Amino acid sequence: MTNDPEHTAEERTVVVVGAGVAGLRTALGLHDRGVDVLVLEAAPRVGGRVLTETTALGSHVDLGGQWIGAGHHRFTALAAEHGAQVHPMETPRLPRLVDGPRTVGLASPTFLLAGAALAAWEGLVRLGGPHLGHDVLVGDLLRRVPGRARRLLRVLFEIASTADPERLTLRDFAATVRTMEGLTTAMTTRGGAQDSLVVDGAGTLAVRMAERLGDRVRTERPVLAIHRDDTGATVHTATGTVRCRHVVVTVPPPVAAAIEHRPPLPAERSRAERGMYMGSVYKALAVYERPFWRERGHAEMIAIDDPGVGVFDTSPPSAGGPGHLCLLVGGTDARTLDDLSPADRRDALLGRLAHHLGEGVRAPASWHEKSWHLDEYVGGGYLAFPDPAAGGLPFPLGHAPAGTVHWAGTETAGEHAGYIEGALESGERAAAEVLAALA
């Protein structure tokens, strides 16, 4: 990977826009078949929606996408390909439900009402079809649920999806959840979407993918415009132009909307880029010398007081430590943390857990956090959602090429959209598409 030299003009066979997992998988699929490919990334790093940091104790934590879920065979293969160790999550049969210092029992009205509503929602999702009105919002469904069960459902929805309930229709919700293999799978740890972890971090796999491409990956190279013609395309950046036969755009649709296209994009793609918004999510990792909370039970819980937070034990598989606690805050709740200082966020979130996990939780050896909706290069996570104001969009997004411009990204995945697995699927498909066009 390199930022130099600056280019005023050059020629390549294929340009890939974006060095996230989808872009890197696309580029490697082409490079391994002998295609001259160049990856242009606006950010100063690779990885897109995955990001790994090294802790004060020398372990690794993922601030972005991290979980290998059930059926994520591409992600599993990617980890094996790079010799990465994978381990199952430390998880109970069911997470603990807490409301402030109080633990909510499984036989409580809150739990029973929420469970009944989730079962009904799962039925609606599986039923699907055009009869699911595009004018019914998830927020409308929530308002029909009484008491604290409504709050529990909202927190679960925002953590699992990162969407705003008042800004997602029931039809679009059903479509996104179906690509995740159902609502129950999306919210389940063992055997579900949060089944396993990469010890060195999912973000390290993106770095290793980029290393295989070497200087074919250029960071800090935002693409400003793509001009298509009968024989290829000219990609314009702040430092020059690249002439190529094909372009693959892999960044999230709302981010891609900043790229100027000549001639204009087909109406369906243009509507998708301008009619979607990124979910909001805050993620933090607290790191300790050892997972001391296991002495009094498991750490996995859903806290439904403000802000709602999901807590997961993501410690690496070593009996002696360190201990990792992963905290997720999604949707509208995530944005309530934006005006706090890092220290205030840490104290507010960890202080709430002390009653349940012990006073030691207040003093981590290392603290890592990221508000993805404030990231200028990504715009949010885990994926982009159709905005009801856009009047309805298909999901997953269509990916028919616009002449010599192709599309990838987890939003275009036929299954596991919103996950690393979906990004990998889209990259494989885009690479095959371009190879066929070059043949």
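V247 stands opposite V405 in strand 23. This pair belongs to a predicted model. Strand 14 covers residues 246-249, and three bridges join this strand to strand 23. The two strands run parallel. Strands of a sheet pair through backbone hydrogen bonds, either parallel or antiparallel.

Now widen the view. Strands 14 and 23 belong to an open sheet of five strands. Its order is 10-3-2-14-23, with parallel pairing. Strand 10 (217-218) and strand 23 (405-407) are the edge strands. Each of these pairs on one side only.

What lies across strand 2 (14-17), strand 14 and strand 23? Helix 13 does, running at about 170° to strand 14.

Helix 13 (residues 420-438) also packs with helix 2 (residues 73-81). Two packed helices are described by the angle between their axes and the distance between the axes. Here the angle is about 85°, and the axes are 8 Å apart. Angles of 65 to 115 degrees count as roughly perpendicular, so helix 2 and helix 13 are roughly perpendicular to each other. On the helix 2 side, the contact involves H73, R74, F75 and L78. They meet I420, E421, L424, E425 and E428 in helix 13. By type, the contact has four nonpolar residues, one polar and four charged.

Next, look for empty space. The structure holds three cavities of 30 Å³ or more. The largest has about 80 Å³ of space. Its lining includes F157, F173, M180 and F385. Helix 5 (147-161), helix 6 (170-179) and helix 7 (183-186) each supply at least two lining residues. Nine residues of this lining are nonpolar, two are polar and none is charged.

Key
Residues are numbered from 1 along each chain as its sequence is written. This is a predicted model: local features need pLDDT of at least 70, side-chain atom pairs count only at pLDDT 80 or more; totals for chains, interfaces and linings use all residues. Side-chain values use heavy atoms; hydrogens and water are left out. On a 1 Å grid over the protein atoms alone, a cavity is a set of points where a 1.4 Å probe fits but cannot get out, and a pocket is an open set with protein on both sides within 12 Å along at least five of seven lines; lining residues have an atom within 4 Å of a point. Grid points are joined across faces, edges and corners, and a volume is the space filled by probe spheres set on the points. Helices (H or I, at least four residues) and strands (E, at least two) are DSSP runs, numbered from the N terminus. Ala, Val, Leu, Ile, Met, Phe, Trp, Tyr, Cys and Pro count as nonpolar, Asp, Glu, Lys and Arg as charged, and the others, Gly among them, as polar. Axes are lines fitted to C-alpha atoms, for helices over the stretch in contact, and angles run from 0 to 180 degrees between N-to-C directions. Angles under 35 degrees count as roughly parallel, over 145 as roughly antiparallel, 65 to 115 as roughly perpendicular and the rest as oblique. Contact means heavy atoms within 4.5 Å. Two strands pair if DSSP finds at least two bridges between them.
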